Amino acid sequence: MPYIAETKEMERVFGSGVTAVRALQGVNIRVEKGRLLILRGRSGSGKTTLLNLLGGLDRPTRGEVFFQGKEIGSLPDRTRTKIRREGMGFIFQSFGLFPLMSAAENVEFGLRLSRIPAREWKGRVSESLELVGLTKRANHRPYELSGGEQQRCAIARAVAHRPELLLADEPTAELDSRMGKQISGVFRRLVDEAGMSIVMTTHDPSVMEVADVVYELEDGSIIKS
């Protein structure tokens with residue numbers, strides 16, 4: 001199976017009648033295994049909507065969306081939730097870390113939600129923090145970490161259960177250029193060393209530099225790839 005995720009003639013319409021908004025129309029993309037794919041485009045072009053559909057957080061109005069060869073857009077909510085929990089990881093602009101938990105505890109909490117056996121928590125936490133370069137900051141709480149370190153902690157939490165597909169929505173938007181470069185390096189390492197597939201929305205040039213594939217959206221359609 002060469003593609004970890006794929007869409008076929010996918011459309012997403014919000015509302016109906018004269019107030020209907022066509023967020024996506026006729027979108028066909030393929031996410032190859034072990035590749036970093038970027039979705040770029042102006043605000044309102046449909047990037048986040050496409051990311052949500054790939055992650056099973058939303059359903060297409062028309063067309064199909066596949067994950068690991070299985071069509072997921074028409075599956076029941078409970079089934080899609082199980083697929084997300086076990087096979088996907090999500091990273092958003094806001095770090096979403098628990099302020100009273102250390103970096104290690106935040107990562108462990110993600111493992112609890114993913115229903116990973118308790119006997120594996122310690123090893124996976126250590127491995128994930130090492131992957132993003134936070135081993136020495138494992139016992140620090142979010143307020144003791146820089147913005148870049150907090151985002152790296154959020155990444156560690158998202159990948160600790162070893163998802164095959166990582167989805168990230170503007171993960172460097174709140175960071176300065178130096179920290180943005182650090183994070184782009186982490187994503188590249190996740191692809192090269194952990195064999196992960198990543199789909200990311202971004203305007204950050206430093207992330208574009210490390211991408212394998214770039215899709216550009218305009219008014220809900222792919223105009224360049």
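A residue is called buried when its relative accessible area is under 20%. In this predicted model, that criterion is met by 12 of the 13 residues of helix 5, so helix 5 is largely enclosed by the rest of the structure. Across the protein, buried residues make up 51% of the 225 residues.

**Overall architecture**

- The protein contains 7 helices and 11 strands.
- Its radius of gyration is 17 Å, which agrees with the value near 17 Å that a compact globule of 225 residues would have.
- Along the principal axes, the C-alpha atoms occupy a box of roughly 55 × 35 × 35 Å.
- Of the contacts with a separation of 6 or more, 71% join residues that are 24 or more positions apart.

**Surface and charge**

- The accessible surface amounts to about 11,100 Å², and carbon and sulfur atoms account for 47% of that area.
- The protein carries 33 positive and 29 negative charges, and the mean positions of the two sets lie 4 Å apart.

**Helix 5 and its surroundings**

- Helix 5 spans residues 147–159, and the distance from its first C-alpha to its last is 19 Å, close to the 18 Å expected at 1.5 Å a residue.
- Its buried residues include the charged-type side chains Glu-149, Arg-152 and Arg-157.
- Also among the buried residues of helix 5 are Gly-148, Cys-153, Ala-154, Ile-155, Ala-156, Ala-158 and Val-159.
- The cover over these buried residues includes three helices, namely helix 3 (103–113), helix 4 (121–131) and helix 6 (177–194).
- Strand 7 (88–91) and strand 8 (165–169) are also included in that cover.

**A buried arginine in helix 2**

- Arg-80 belongs to helix 2, which covers residues 77–87.
- Arg-80 has a relative accessibility of 6% and therefore counts as buried.
- Leaving aside residues up to four places away in sequence, Arg-80 is in contact with Gly-56, Leu-57, Asp-58, Arg-59, Ile-72 and Leu-75.

**Backbone conformations with positive phi**

- Most residues other than glycine have a negative phi.
- Glu-9, which is not a glycine, has a positive phi of about 45 degrees, and Glu-9 is located in strand 1 (residues 3–14).
- Arg-162 is likewise not a glycine and has a positive phi of about 60 degrees.
- Arg-162 sits in the loop that runs between helix 5 and strand 8.
- With a relative accessibility of 45%, Arg-162 counts as partly exposed.

Methods
Residues numbered from 1 in each chain as written. Predicted model: local features only at pLDDT ≥ 70, side-chain atom pairs only at ≥ 80, totals over all residues. Heavy atoms only, no water. Helix = DSSP H or I, 4+ residues; strand = E, 2+ residues; numbered from the N terminus. Rg over C-alpha atoms; globule rule 2.2 N^0.38 Å. Buried < 20%, exposed > 50% of the residue type's maximum accessible area, 1.4 Å probe, protein only. Contact = heavy atoms within 4.5 Å. Areas by Shrake-Rupley, 256 points an atom, 1.4 Å probe, with all protein chains shown as cover. Charge placed at Lys NZ, Arg CZ, Asp CG, Glu CD. Expected span 1.5 Å × (residues − 1).
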